[in-house]
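Okay, thanks everyone. I'll take a few minutes to walk you through one model, so get your viewers open and follow along.

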Amino acid sequence: MSAVFKTLEAAFEPMSEARLDQVLQIEAAAYAHPWSRGNFSDSLRSGYLAQMLCAGPEVLGYFVAMKGVDEVHLLNITVALPHQGQGLGRAMLDALALWSRGQGAQWLWLEVRTSNLRAQQVYERYGFRRVGDRRNYYPAEQGKREDAIVMSFKL
């Protein structure tokens with residue numbers, strides 16, 4: 001019996017306005033309520049950490065995070081659908097944790113939809129712990145709202 005493994009060489013690149021079309025395609029495919037171009041542009045203008053994980057010209061995933069006094073808040077992390085389940089989310093969390101420690105942060109924070117069980121499992125396996133809830137935090141179908149779970153990770 002033999003197995004064939006696909007090796008993927010990837011590198012982080014700063015997110016830029018020039019590559020937002022690629023990011024927006026991934027975002028729209030991944031979420032029922034995706035971030036808008038304005039959300040990404042505002043994050044870039046605000047100086048938030050915005051990184052893309054790329055294999056050549058292909059964007060495999062990305063994350064956006066905001067630094068606070070002694071914490072970093074993960075605002076968005078997304079792996080392109082064809083590349084999910086390959087450990088890229090963990091690689092991006094590793095990169096974010098490393099950067100955050102270098103910035104003197106003590107904690108990583110995030111919110112995740114209560115319905116996003118897969119993401120919750122990724123975060124829990126990484127070491128994030130549930131610390132609270134935000135009622136009606138996310139937009140949902142038909143004008144409704146969905147709760148968020150607040151999670152933190154001690155760096």
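I'll go from the sheet to a few side chains, then the rings, and finish with some backbone oddities.

One thing up front: this is a predicted model, so please keep that in mind throughout.

Right, the sheet. There are seven strands in it, the sheet is open, and the order reads 1-2-3-4-5-7-6, with mixed pairing. So which strands stand at the edges? Those are strand 1 and strand 6; each has a single partner strand, so one side of each is left without a neighbour in the sheet. As for twist, neighbouring strands are turned by 30° against each other on average, if you ignore direction.

Let's zoom in on strand 3, residues 58–67. How much of strand 3 is buried? Seven of its 10 residues are, so we can call that strand mostly covered. On one side, strand 3 pairs with strand 2, residues 49–55; these two run antiparallel and share seven bridges. If you want a landmark there, look for Ala50, which stands opposite Val64 of strand 3. The two strands form a hairpin with two residues between them, and Gly56 in that hairpin has a positive phi near 60°.

Strand 3 also pairs with strand 4, residues 71–79, again antiparallel and over seven bridges. Here the landmark is Tyr62, sitting opposite Thr78 in strand 4. That connection is a hairpin too, and three residues join strand 3 to strand 4.

Further along the sheet, strand 5 and strand 7 make an antiparallel pair with seven bridges. Trp107 has Lys154 in strand 7 as its bridge partner. And then there's helix 1, which packs on the sheet and touches strand 2, strand 3 and strand 4; its direction is at about 90° to that of strand 3.

Now a side chain I'd like you to click on: Arg19. Where is it? In the loop between strand 1 (11–14) and helix 1 (20–30). Buried or exposed, would you guess? The relative accessibility of Arg19 is 17%, and the cut-off for buried is under 20%, so Arg19 counts as buried. What does its side chain do in there? Arg19 makes a polar contact of 2.8 Å with the side chain of Glu13, and another of 2.7 Å with the side chain of Gln22. Leaving out residues up to four places away in sequence, Arg19 touches Glu13, Met52, Cys54, Gly56, Pro57, Glu58 and Val59. Notice that Gly56 is on that list, and that's the hairpin glycine with the positive phi.

On to the rings. How many aromatic pairs turn up in the whole structure? Nine. Take Tyr126 and Phe128: their centres are 6.2 Å apart, the planes make 35°, and the pair is tilted. Tyr126 is buried at 12% relative accessible area, and Phe128 is buried as well, at 1%. For another geometry, try Tyr137 and Tyr138, where the centres are 4.9 Å apart and the planes are at 90°, so that pair is edge-to-face. Tyr137 is partly exposed at 34%, whereas Tyr138 is buried at 18%. Going back to Tyr126 and Phe128, ring pairs link them with Tyr123 and Phe153 into a cluster.

Last topic, the backbone. Most residues other than glycine have a negative phi. So which residues here would make you look twice? One is Asn136, with a positive phi near 55°. Asn136 is in strand 6, residues 129–139, and is partly exposed, with 42% relative accessible area. Another is Gln142, not a glycine either, with a positive phi of about 55°. Gln142 lies in the loop between strand 6 and strand 7 (145–154), and it's exposed, at 74%.

And one more spot before I stop, Gly104. You'll find it in the loop between helix 3 (88–102) and strand 5 (107–113), partly exposed at 39% relative accessibility. How far is Gly104 from Leu155 in space? C-alpha to C-alpha, 9.5 Å, with their positions 51 residues apart in sequence.

That's my tour, so over to you for questions.

Terms used. Residues are numbered from 1 along each chain as its sequence is written. This is a predicted model: local features need pLDDT of at least 70, side-chain atom pairs count only at pLDDT 80 or more; totals for chains, interfaces and linings use all residues. Side-chain values use heavy atoms; hydrogens and water are left out. Helices (H or I, at least four residues) and strands (E, at least two) are DSSP runs, numbered from the N terminus. Buried means under 20% relative accessible area, exposed over 50%, partly exposed in between (1.4 Å probe, protein chains only). Two strands pair if DSSP finds at least two bridges between them. A polar contact is a pair of N or O atoms within 3.5 Å; within protein, one must be able to donate a hydrogen and the other to accept it, and residues adjacent in sequence count only if both atoms are side-chain atoms. Contact means heavy atoms within 4.5 Å. Axes are lines fitted to C-alpha atoms, for helices over the stretch in contact, and angles run from 0 to 180 degrees between N-to-C directions. Rings of Phe, Tyr and Trp (its six-membered ring) pair if their centres lie within 6.5 Å; planes under 30 degrees apart count as stacked, over 60 as edge-to-face and the rest as tilted.
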